[in-house]
Structures are given as structure tokens and as C-alpha cells.
Amino acid sequence: MVIAAVLLASTSHSFAEGVLNIYNWGNYTSPEMIKKFEDKYKVKVTITDYDSNDTALAKVRQGGSGFDMAVPSQNYLPIWISEGLLLESRPDQMENFKNVAKEWADPDFDKGRHYSVPWAMGTVGTVVNTDVYKGDINTWSIVFNPPDELKGKINVVPEMNDVMDAAVLYSGGKKCTGDLKVLKKVRDTLIAAKPNWVAMEYNTIEKMTSGDFSATSDWNGSAFRQRLKNPAIHYGYPKEGFVDWSDNLVILKDAKNVENAKLFQNFMMEPENAGMNSGFHRYANGIAGSEQFMPADMKDAPEIKVPAEFAANGHPSETCPPEVQALYTKIWTELQK
């Protein structure tokens, strides 16, 4: 009995102290929520930023990253799983899994939720300062064939699949297409558009609100935060089609702080914590009941609740076949030159 008690105390201690290293998109984690976790479990959390799925995947593929957790998008998550980069942490067996919304409890990209916990979800569209341009913003022309008012003032967020999907839809193709005629049109469209861009940067909130950029491709929560700082900034839902996505919290296979990482996965399935996080990054999440813990202005925000007239233009994010991904990468590499 004494030995059992000592073992139990040791296990409890490992759950309640130590460190946790999270690799996440920049400006995407609530400091208030992290402090709550740190105070509750006496765990020191360190967050390291990345700016694209490809950056994160490349870093973790190298091994020995020192990170315990990451937040890949749903179209990349099957790649992480298939390459053995993740711990099968079984969130579906955790106490707070009961709070995961039904529509997010068994997604195609992680059947049964054996690896991941919902973090955030949203859309990819256009963002425009309407003091600079007063025309239609619900089109990918903003980025790929911009009006004169916006030329030289446009940013493109450097997330390859988001840009490629947008260009494919703008060119009349279907997401994850391997049609070489469509992809040639995509390539030509991107090469022709690039001289009109001033940057390909992740940091859109600061630079849109400061006036460094007048338009950008972006995600809806980022657009929401921009509008809160400048009411002239609006989010567009391109008529050619836009992508619906989600990001998901996972534990790396070589994590050093596994028990603390599992604690954090369970913690993020608590509605109050998910709501607190959404209140910071301004995206919806997949935890039922979290809405009551979000700021009131999120309930009917046009960036969060897709207006009815645009809803049919949404396309779910998906993992492209390797051969298509290779073609996308070839075009993307040429675009970076």
C-alpha cells in the first residue's frame, strides 16, 4: 500500500508541474488562457510561432524540434499522421471530449479524434480597406487582377495551399485539380499578379491597420481583428469560391512532456477555455457551449457567420493527392523567385 501511494503521488506530481512547448501559428493563442493553464497545473508554457503549414511540417519532419505540440490545419493533418509524426493521444477518451460539437467529433481528417482536438475554424477570403477601394470585394480579382487603386498595396498570406486553392477556383478549376490546362492558367495568373503585390507576409493585422497594406488574402478571424481597429476594413467572400478550414491541436510523437500535453488537449475541450481562446484570435471553434464565453460581438459578426448569400460558395479544405501537391509546390516555388 505504501508503494502504491508513493507511485500515485509521483504520477500526480508529473501531471502538475513542469513545462510545455507549443509550436503554433503566430498571434493565435490567448495569453489569458495560457496563464489560466499555467496557474492551474503549475506548468510553464512556451509558444514558438510559425507562419505556414509547410514551415511547421518541415520543422517537425527534421526531428528533435523540442516541441511537444503543434496546430496543423485539417488538410495537412493526414500527412502528419501518415508520416508517424504524431502521438496517438486519444482525445476521444479524455474527460472533456463530451464537449466536442457532434459535427467535429469524427472528422474525415482524424477519424474518431485519435490524435487531435479542435482549435479554431474559419474561411479564406479577401480583406480590403474600403476607404481605398469602394468596389466589389467579394472576388479573388482583388488579389489576382486588382483594380488600379490597390495595385502595389496588396499582400498575400504565404500559405501555399490557400493561395493555390484560391487561384484554382478563380481560374474555374476544382480544388486539388491535377488538370494541367487549369494549372497552367493558375501559374500564369499568379506570375502576372505578383508585380501588383507589395508583400507575401503573415503579419496582416498590424500592417492592414497601419495602412502599409490596403488589401490582402487572409483568414476571417484576422479580418475581424483588423475591422475592430479600423471599421473601414472589410472581409470578402469570393464569388469564385472560398475554402472552409479548421486547425487542430496535436501532440508530437517525440514530445518530451507528454502528460502535460495531454492535460492541455483536455483543457482546450473545456468550453470556457475554448471560448477564451476564441475571444483572442476571433475564430469560431469546435467546442459546444463555448459561445457563452466569447465576446458578444462575435455572435453575428459577418466574418464569423457566413452571410447566406455567400454560403454556397464555400468548399471544405481537403488533403490533395501527393502528385497534385507536387504540382502545387512546383508552381509555388516558381512564384517565390
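In which loop is arginine 90 found? In this predicted model, arginine 90 lies in the loop between α4 (77–82) and β4. Its phi is positive, at about 55 degrees, although arginine 90 is not a glycine. Most residues other than glycine have a negative phi. Arginine 90 has a relative accessibility of 24% and therefore counts as partly exposed.

Positive phi values also occur elsewhere in the chain, including at asparagine 27, where phi is near 60 degrees. Asparagine 27 belongs to the loop between β1 (18–25) and α2. With a relative accessibility of 42%, asparagine 27 is likewise classed as partly exposed. A further positive phi, about 70 degrees, is taken by arginine 282, just after helix α11.

Helix α11 itself spans residues 271–281, and 8 of its 11 residues are buried, so the helix is largely enclosed by the rest of the structure. The buried positions are Pro271, Asn273, Ala274, Gly275, Met276, Asn277, Ser278 and His281. The elements that cover these residues include α2 (31–41), β4 (117–129), α9 (220–229) and α10 (258–267).

Helix α9 is also mostly covered, with 7 of its 10 residues buried. These are Asn220, Gly221, Ser222, Ala223, Phe224, Arg225 and Gln226. Among the elements covering the buried residues of α9 are the helices α8 (204–210) and α11. Strands β4, β7 (215–219), β8 (233–236) and β9 (242–251) also contribute to this cover. Thus α9 is included in the cover of the buried residues of α11, and α11 is included in that of α9.

Helix α7 (residues 180–193) contacts both α6 and α13. The axes of α7 and α6 (residues 160–170) come within 9 Å and cross at roughly 110 degrees. The two helices are therefore roughly perpendicular to each other, and their crossing is right-handed. On the α6 side, the contact is made by Val163, Met164, Ala167, Val168 and Tyr170. The α7 side contributes Val182, Leu183, Val186, Thr189 and Leu190. By class, the residues of this contact comprise 9 nonpolar and 1 polar, with no charged residue.

The packing of α7 against helix α13 (residues 322–335) has an angle of about 20 degrees, with the axes 10 Å apart. An angle under 35 degrees counts as roughly parallel, and α7 and α13 are therefore assigned to that class. The crossing of α7 and α13 is right-handed. The participating residues of α7 are Leu180, Leu183, Arg187, Leu190 and Ile191, and those of α13 are Leu327, Tyr328, Ile331, Glu334 and Leu335. In this contact, 8 residues are nonpolar, none is polar and 2 are charged. Leu183 and Leu190 of α7 take part in the contact with α6 and also in the contact with α13.

Leucine 335, in helix α13, has a relative accessible area of 1% and is therefore buried. Not counting residues up to four places away in sequence, leucine 335 touches Leu190, Ile191, Lys194, Trp197 and Met200. Of these neighbours, Leu190 and Ile191 are among the α7 residues that make the contact with α13. The C-alpha atom of leucine 335 is separated by 37 Å from that of methionine 268, a residue 67 places away along the chain.

A search of the whole structure finds 1 disulfide. The bond is formed by cysteine 176 and cysteine 320, with their sulfur atoms 2.1 Å apart. The torsion about the S-S bond is about -80 degrees, so the disulfide is left-handed. The pair links distant parts of the chain, as the two cysteines are 144 residues apart. Cysteine 176 is located in the loop between α6 and α7, and cysteine 320 in the loop between β10 (314–316) and α13. Cysteine 176 has a relative accessibility of 12% and therefore counts as buried. Cysteine 320, at 8% relative accessibility, also counts as buried.

How values were computed. Residues numbered from 1 in each chain as written. Predicted model: local features only at pLDDT ≥ 70, side-chain atom pairs only at ≥ 80, totals over all residues. Heavy atoms only, no water. Axes fitted to C-alpha atoms, helices over the stretch in contact; angles between N-to-C directions. Helix = DSSP H or I, 4+ residues; strand = E, 2+ residues; numbered from the N terminus. Parallel < 35°, antiparallel > 145°, perpendicular 65-115°, else oblique. Left-handed = near helix turned anticlockwise from the far one by under 90°. Contact = heavy atoms within 4.5 Å. Nonpolar A, V, L, I, M, F, W, Y, C, P; charged D, E, K, R; others polar. Disulfide = S-S within 2.5 Å. Buried < 20%, exposed > 50% of the residue type's maximum accessible area, 1.4 Å probe, protein only.
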